[in-house]
Amino acid sequence: MRKSEGMDNKLVKMYVENQKHSYELILTAVLIAVGVNVLSSGLMGLLNIPHKSCVMILLGALIAGLVVANLFIKNTKSLNRCINLKGFIVYDKTNKKIISIPRYAVSEKMSDYLRSAFAENKAMEKIWKADSEFVTISFDKEKNRETREITKRGVLLVELLEYCIISELTVHLCDYFNLFDGLDLEQISRIDIPDILLQNRFLKLFSEDMDNRTAFVDPT
């Protein structure tokens, strides 16, 4: 968890630095625009170019457009990043379950979510226990290389990890926005979630109305 917090701090610092650079670029662009304006006015007066106003407008629009396009491209590239985070799970092959490691939040949550899902959806438990591996490895003699194919259990594991990330992000955003008193926030529900997200079986199960979930139905 300490490594994760350190990564978060680095990302925040990176975005703050990018914002500072954006302000500097905007100030530079304004100064360049003023300089070009003065220079072009002087050149037009020296060369006696006709229709000075139209030429000035076109030149100013061109320069402004180039500056805005440059800022947009640079900021977009700096925000689009791919970050690889390494982690691990301990899997009990005999009992076919994920072992919860104390103080390792990812393993604890994955173990809890998996156990809860199996208690409510026996089909998911059957899929999990049907395969013996998460990935099957075979050798393609024609292409002379190994091929890896994720099993149904492997797909379920990926969906479980995705749900852990979505859940953690939800908690983080709620904690952040709760710091602002009087902030009018719109809360979304299951019907507002895009269908592509509901392809994640854990998200689909845990976002279901509690009245439709076995674990919350009063047996009496």
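These legends go with four close-up views of a predicted model.

**View 1. The second largest pocket and its lining.** Here we look into a space of about 790 Å³, the second largest pocket. Its lining is made of 22 residues. Look for Ile166, Thr170, Cys174, Gln187 and Ile188, since these are the ones that lie nearest the centre of the second largest pocket. Two helices, α5 (152-177) and α6 (201-206), each bring at least two residues to the lining. The top contributor is α5, which gives 8 residues to the lining of the second largest pocket. Sorted by class, the lining holds 14 nonpolar residues, 6 polar ones and 2 charged ones.

**View 2. Helix α3 against α5.** Now for the packing of α5 with helix α3, which covers residues 105-120. The two pack at an angle of about 115°, and their axes lie 10 Å apart. An angle from 65 to 115 degrees counts as roughly perpendicular, so that is how α3 and α5 stand to each other. Their crossing is right-handed. On the α3 side, the contact uses Val106, Lys109, Met110, Tyr113 and Leu114. Facing them from α5 are Leu157, Leu160, Leu161, Tyr163, Cys164, Ser167 and Glu168. Count up the classes in this contact of α3 with α5 and you get 9 nonpolar residues, 1 polar and 2 charged.

**View 3. Helix α4 against α5.** Another partner of α5 is helix α4, made of residues 122-130. Their axes are 7 Å apart, and the packing angle is about 125°. That angle makes α4 oblique to α5. The crossing of α4 past α5 is left-handed. From α4 come Met124, Ile127 and Trp128, and they meet Lys152, Arg153, Leu156 and Leu157 of α5. The contact of α4 with α5 has 5 nonpolar and 2 charged residues, with no polar ones. Leu157 is worth finding again, as α5 uses it to meet α3 and also to meet α4.

**View 4. Helix α3 against α4.** This last view puts α3 and α4 together. Their axes come within 5 Å and cross at roughly 120°. The two helices are therefore oblique to each other. On one side of the contact sit Leu114, Ala117, Phe118, Ala119 and Glu120 of α3, and on the other Lys122, Met124, Glu125 and Trp128 of α4. By class, the contact of α3 with α4 has 6 nonpolar residues, 3 charged ones and no polar ones. Some names here turn up in the earlier views too: Leu114 of α3 also meets α5, and Met124 and Trp128 of α4 also meet α5.

Conventions: Residues are numbered from 1 along each chain as its sequence is written. This is a predicted model: local features need pLDDT of at least 70, side-chain atom pairs count only at pLDDT 80 or more; totals for chains, interfaces and linings use all residues. Side-chain values use heavy atoms; hydrogens and water are left out. On a 1 Å grid over the protein atoms alone, a cavity is a set of points where a 1.4 Å probe fits but cannot get out, and a pocket is an open set with protein on both sides within 12 Å along at least five of seven lines; lining residues have an atom within 4 Å of a point. Grid points are joined across faces, edges and corners, and a volume is the space filled by probe spheres set on the points. Helices (H or I, at least four residues) and strands (E, at least two) are DSSP runs, numbered from the N terminus. Ala, Val, Leu, Ile, Met, Phe, Trp, Tyr, Cys and Pro count as nonpolar, Asp, Glu, Lys and Arg as charged, and the others, Gly among them, as polar. Axes are lines fitted to C-alpha atoms, for helices over the stretch in contact, and angles run from 0 to 180 degrees between N-to-C directions. Angles under 35 degrees count as roughly parallel, over 145 as roughly antiparallel, 65 to 115 as roughly perpendicular and the rest as oblique. A crossing is left-handed if the near helix is turned anticlockwise from the far one by less than a right angle, and right-handed if clockwise. Contact means heavy atoms within 4.5 Å.
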